[in-house]
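Trainee: Got a minute to go through this one with me? I'd like to get a feel for a few spots before I set anything up.
Mentor: Sure, pull it up.

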Amino acid sequence: MTRQADTSANAPDPMQQAIDLAARALYISNPNPRVGCVIMSADGSTLLGSGFTQQAGGPHAEVMALRDAAARGHDLQGATAYVTLEPCSHHGRTGPCCDALIAAGIGKVVGAITDPNPRVAGQGFERLRAAGVQVETGSCGPLSRELNIGFFSRMVRGQPWVRLKAAMSLDGATALANGESQWITGEAARADGHHWRARACALLTGIGTVLGDDPLLNVRHVDTPRQPRVVIVDSALRTPPTARLFSVPREVLIYSAAPAPERQAALEARGAKVIAMAGPDGRVDLQAMLRDLGRREVNELHVEAGGTLNGALMRARLADECLLYVAPRILGNGQGAFSGMRIGRLEEAADLEIRQIAHVGADLRLQAIVAGRDRF
C-alpha cells in the first residue's frame with residue numbers, strides 16, 4: 001500500500017503514482033470507485049503517504065494515505081494531496097474525505113477528475129476551497145475515468161457498463177453446431193478472462209448457457225476477496241435449483257417474464273432473488289433490467305452468454321463493449337457469438353471502435369467499444 005520516498009529529480013509523477021494505486025482497488029472497492037491518493041511535501045520533494053480505496057464500508061483512498069503518513073510520523077501542514085477522483089463531501093458508508101483532508105492540514109489538493117456522483121459533483125472541491133485549501137485539476141483524468149467506467153456509467157446513465165465477453169474461432173464461432181465449446185481458446189485466454197470477471201460487480205448469463213454448460217460463473221484464476229453477483233436472464237424460470245452456480249456463496253439474481261410460483265419458490269429456497277420484469281414481447285425487458293441493476297449498485301456488468309442473449313443486447317443497443325478472445329482455429333458451421341442479432345441492412349450493423357488488440361498465449365484478445373458509447 002505504501003511506497004518509499006523518492007527525492008530524486010526523476011521521481012515519478014505523483015498523479016500517475018495515484019493512478020497506479022487506484023488500479024490496486026480494481027477487485028475490491030465495488031461498488032465504490034477505484035481511487036488512489038498520494039500525499040507529497042509542499043515542495044514536492046518527499047512522498048509522505050499513499051493509499052487506495054478499500055472494500056465498501058472501509059476507508060477511502062484519502063483516509064488510507066493520511067493514516068500512512070501518520071504512521072510515518074509526518075506533519076501534513078501545507079502538504080499536497082494528489083487524488084484520482086474528487087474527494088467525497090457527503091456521509092455515506094464513511095465520512096466525507098474532504099473533511100479529513102482539511103482536518104489534517106492539507107494545503108493543496110490536485111484532483112484528476114470531478115466525481116460524477118450527484119451527491120458530490122464539484123461540492124467536494126468547493127468545500128475544500130471554502131476551507132482555504134488550494135484546489136487544482138490535474139492530469140490523468142481520462143485514465144481515472146477509464147478505470148471507473150462502470151461507476152461513471154451508473155452515476156451518469158443510471159445503468160451499468162455492459163461488457164460482452166466471448167471466446168471464438170477465427171470465423172466467429174463460439175461453439176460447434178452440436179453445442180460443444182470447451183475449449184475453443186487456450187488456458188492463458190481463459191485465465192485472462194477471470195481478471196475481467198473479478199473486476200465486475202456482476203456476471204450476466206442467459207438460461208441457455210445455464211442449461212447447456214451448467215457453469216460455476218465464479219472467479220478462480222485471480223486472487224480476489226469477493227465473488228461477483230450472478231445475474232440470469234430466464235424468462236420462464238427454467239433455472240435448475242441444482243445448478244452448480246448456487247454452490248458459490250454470493251447473490252444470485254434471476255430476471256423472469258412469466259409467473260411460475262413453484263419454480264420460483266424452489267429457486268428462492270436456494271437463495272436466489274427472482275425479479276419479475278416482463279417486456280411487451282413476453283420476454284425479460286433488458287433495458288428495465290439494466291436500470292434495476294443500476295439501482296442495485298452494479299457498475300460493470302460482465303456478460304458471458306450465448307449468441308441469443310449477446311445478439312439481443314447488441315440489437316437493442318444495450319451493450320457498451322466487446323471483449324473477444326479469438327483462437328487461431330476454423331470451426332465451420334458453428335454457433336455464432338451474436339446469432340440473436342438479425343439485421344437486414346448494413347446500416348443496422350453495430351459499429352465498434354477497436355481500442356486494443358493483444359496476444360494472450362496463442363490467442364488474440366480484442367477489446368472494442370460500441371462507437372461513441374463511452375462519450376457520456
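**Strand, loop and helix**

Mentor: Keep in mind that this is a predicted model. Let's start with T80: setting aside neighbours within four places in sequence, T80 is in contact with V38, I39, M40, K108 and V110.

Trainee: OK, and where does T80 lie?

Mentor: In strand β3, which covers residues 80-83.

Trainee: Does T80 count as buried or exposed?

Mentor: Buried, because its relative accessibility is 6%, and the cut-off for buried is under 20%.

Trainee: Switching topic, where's A104?

Mentor: A104 sits in the loop that links α3 (97-103) to β4 (108-111). A104 has 23% relative accessibility, so it counts as partly exposed.

Trainee: What is A104 in contact with, leaving aside neighbours within four places in sequence?

Mentor: L66, L76 and Q77.

Trainee: And how many Å apart are A104 and E251 in space?

Mentor: 39 Å, C-alpha to C-alpha, with their positions 147 residues apart in sequence.

Trainee: Now helix α6. How many of its residues are buried?

Mentor: Seven of the nine in α6 (residues 149-157), so it's mostly covered. The buried ones are I149, G150, F151, F152, S153, R154 and M155.

Trainee: What do those buried residues of α6 pack against?

Mentor: Two helices, α5 (141-147) and α10 (286-295), plus strands β6 (161-169) and β12 (300-303).

Trainee: Which residue follows α6?

Mentor: G158, and its phi is positive, near 80°.

Note on methods: Residues numbered from 1 in each chain as written. Predicted model: local features only at pLDDT ≥ 70, side-chain atom pairs only at ≥ 80, totals over all residues. Heavy atoms only, no water. Helix = DSSP H or I, 4+ residues; strand = E, 2+ residues; numbered from the N terminus. Buried < 20%, exposed > 50% of the residue type's maximum accessible area, 1.4 Å probe, protein only. Contact = heavy atoms within 4.5 Å.
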